[in-house]
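Colleague: I am new to this structure and would like a close look at a single part of it. Please take the sheet and its surroundings slowly, with a word on the salt bridges and the contact between chains along the way.

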Amino acid sequence: MSDTAPKTVGGILTDNLWHSNPIFMQVLGICSALAVTNLLTNTFIMSIGVIFTTMMSNFTVSIIKGLIPRKVRMMVQVLIIAFYVIIVDIVLRAYMPDIHEALGPYVGLIITNCIIMGRAEAFAQSNGPGLSLWDGITSASGYMGVLLVIAFFREILAFGSLFGFRIMPNWFEPWIIMAMPPSAFFFLGVIIWIGKTIMNHEEAAA
Amino acid sequence: MYDTIFQKQKVMRRVVYSLIPLFLMALYLYGWRVLAHTAVIFAAGILTEYIFERKRGKKVSEAVLVTCALFTLSLPPALPVWISVIGIVFAVAVVKEMYGGFGRNVFNPAIGGRLFIWIAFAAPFASAWMEAGGFGTGEAGVDLITAATPLEQMQNGTLPDIWNLIIGTRAGSMGESSILLITVAGLYLVFTKTAQWRLVVSTLLGALALSAGLFWAGVSDVAPHYAMLSGSIWFGAFYFATDPITAPNKKSAQWIYGVLIGTISILVRVFTDFNAGLSFGVFVANVFSSLLDELMPAPRKKKAAKPAKTSTKPKEAAA
Amino acid sequence: MNKQSLIYTIVFTFAVCFVFVAILAVANDLTAEQVRQNQIVAQQRAVLNAMGISYQSDEEVLSLFEDVEQDEIDGTIVYITEKDGNRIYAMSFRGSGLWGPIVGILAMDSSLENIFGIEIISHEETPGLGGRITEDQWKEQFRDRPVPEGSIEVVRGGSTGDGQVAAITGATGTSNSMERILNNAMQRFRELLGGRDA
């Protein structure tokens, strides 16, 4: 994991996207993975929100880390994260009301996404602002990647469409269960399965 | 050839034999559709299990035949065949093999698969019921007629003929309708100690008690004897409640388990839009199965409840 | 200065909270007008949809809506417009669906014996099942649907006649809720407009 690996730009990238991918290796932030992945558009916007929040909170924590007293470290991190989440919420509500409506309470719930807090605590607390920013972008992108894969299968099966464009023929019978949150468990399980299998092969080969 | 693919399981065979009359009845009721579903479901089910078991270096269990047979019989006849393929692949791959294969599955595979496609394809399911009889051509010789099941009829206020319910000439899932044949086949299973009678009786009693209670309390319009004879309560009590893998082992746990299935089935049937009550009942009760075994005190006499059920269970061997 | 001291901790915490909350307050204030505008447009769009008036952009919604009369009767706002020589009344309705409240607009003609159209503003039904009440295919059933008995019935399958619309397959709960909600709304319509000349 990133604690022992050298903290290079490339190392952080491959770590966050693959070797310690927040979703399928660390199994973090899956609550939102279940909730928003029935449509690609929602997933995409939600992921952008998470990328923005993780990136900026990492950056901010890293800048002021020297000033934060140890006792209130966590509290300040939560405050910073909440700040950026509310910014996302305000922007969506003002300029993308339809998406805001569709995402409902889940934008506010970005704050409970363990990935963001985890990166602030595990990375930004002990690294410079530049690397922290990069770490935030990449780990949230790792999250986005997995979510988009899940959303791809769910939207195509549940609605026969991708990003809202119908691509399946008319006779296609939608799988209603795929529109419901629990179905994300099936795909999440399969993705973890595939990911672990590939990784085990890599380790065996190394 | 057969021996290289299958491991022999006497108990499972007896269940398959007992289902043969039900298949013949289904054939009379719904004609070629039964054959189509059976062929496709068995092929897909066995293939799926074969792929998984080959990885483990094991043979295909004969239990998969039971799963396929029960799954087939629990589907409505006019369901598109590709949906039943999705259902059986899900049943064997996800509900059974992903938990570790035969003997380790928490949920009954046939029930899991049935519920999955039932929820996923609610619309095709709703229009997949057929008028029964005459090898699937209906009385007027018309091929496909979407028919109301007895439960739907009763919701709309018409009472089905009770003899039709007992003999099985009514719309419903392919194998669930004939109370008479199910009872005969079920008794064969009970007397050969393939099925545990306690599970059958407790399931039926649970369902009877609650449906009678709701009827007398004025909550439900369906009289208890009609409630018992329609839907898949009867079929499920003999074939799904008694699944040795997913049912508990202790006597007292079995009583509670059966009552759970019966009552949940009726609750789902009366208070929700899904008419797959029995399936939900079995599915939910499956969750509590091992918990019940854990909570109930050990039987006083050593291994009193054992003979028929656990001898073929690799659960213990593997543990 | 000792960064672990109590005084520093309190001052720091206070300062951080103050700065971030101040920025949020400003951001909230700056967008408040836009948010209010969005809500108005959403409401107006729903009314226009229910009345069957088509539009291209948000600006057009606002200008078209200027032709819609608003009349407050008994605390309820009734929207009135003329279309092809007929007066059309619209009113918002609200009721409990299967999982949560369903809010929408119901438009009727002046005789109150024809539903002119409906529009759903918000709901919490199951996506893909009950959630299909927002699909045009379902809503269009209400367009010019006569309700001679003053109530609508949601029927399962088959063709539909006067006072009937088809239920959503697999979503009996939501369909029944819509039947109840719309019948209540029509009842309210009659209470509000009953004494008026058509």
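Modeller: In this predicted model, the side chains of A:Arg73 and A:Glu121 meet in a salt bridge, with a distance of 2.6 Å from N to O. The two residues belong to distant parts of the chain, since A:Arg73 sits in helix H4 of chain A and A:Glu121 in helix H6 (residues 114-122) of chain A, 48 residues apart. Over all chains the count comes to 14 salt bridges, yet across the interface of chain A and chain C the rule finds zero.

That interface deserves a description of its own. About 2200 Å² is buried between chain A and chain C, and 75% of this area lies on carbon and sulfur atoms. Within the part that chain A buries against chain C, A:Pro69, A:Phe83 and A:Ile90 supply 23%, more than any other three residues. The contact draws on 28 residues from chain A and 24 residues from chain C, and between the two chains there are three residue pairs in polar contact, with both residues at pLDDT 80 or more. On the side of chain A that touches chain C, the elements giving two or more residues are helix H3 (40-64), helix H4 (73-95) and helix H5 (97-103) of chain A. The largest share of that side, eleven residues, comes from H4(A), the helix that also holds A:Arg73. Sorted by class, the side of chain A that touches chain C has 20 nonpolar, three polar and five charged residues.

The sheet itself is found in chain C, where six strands form an open sheet with antiparallel pairing, in the order E1-E2-E3-E4-E5-E6. Its edges are strand E1 (69-73) and strand E6 (145-146) of chain C, each of which pairs on one side only.

Starting from the E1 edge, five bridges join E1(C) to E2(C), and these two strands run antiparallel. Among the paired residues, C:Glu69 has C:Ile80 in E2(C) as its bridge partner. The hairpin of E1(C) and E2(C) has two residues between the strands, and in this hairpin C:Asp74 takes a positive phi near 55 degrees.

Farther along the order, strand E4 (residues 101-109) of chain C is joined by six bridges to strand E5 (residues 114-122) of chain C, again in an antiparallel arrangement, and C:Gly104 stands opposite C:Ile120 in E5(C). E4(C) and E5(C) also form a hairpin, here with four residues between them, and C:Leu112 in the turn has a positive phi of about 60 degrees. E5(C) is then joined to E6(C) by two bridges, with the two strands running antiparallel, and C:Asn114 stands opposite C:Pro146 in E6(C).

Two helices of chain C lie across this sheet. Helix H1 (residues 6-51) of chain C lies across strand E2 (76-83), strand E3 (86-96), E4 and E5 of chain C, and runs at about 150 degrees to E5(C). Helix H4 (residues 172-193) of chain C, which should be kept apart from the helix H4 of chain A described above, lies across E1, E2, E3, E4 and E5 of chain C and runs at about 130 degrees to E3(C).

Note on methods: Residues numbered from 1 in each chain as written. Chains lettered and ligands numbered in written order. Predicted model: local features only at pLDDT ≥ 70, side-chain atom pairs only at ≥ 80, totals over all residues. Heavy atoms only, no water. Contact = heavy atoms within 4.5 Å. Buried area = accessible area lost by both parts, 1.4 Å probe. Salt bridge = Lys/Arg side-chain N within 4 Å of Asp/Glu carboxyl O. Polar contact = N/O pair within 3.5 Å; in protein donor to acceptor, adjacent residues only side chain to side chain. Nonpolar A, V, L, I, M, F, W, Y, C, P; charged D, E, K, R; others polar. Pairing = 2+ DSSP bridges. Axes fitted to C-alpha atoms, helices over the stretch in contact; angles between N-to-C directions.
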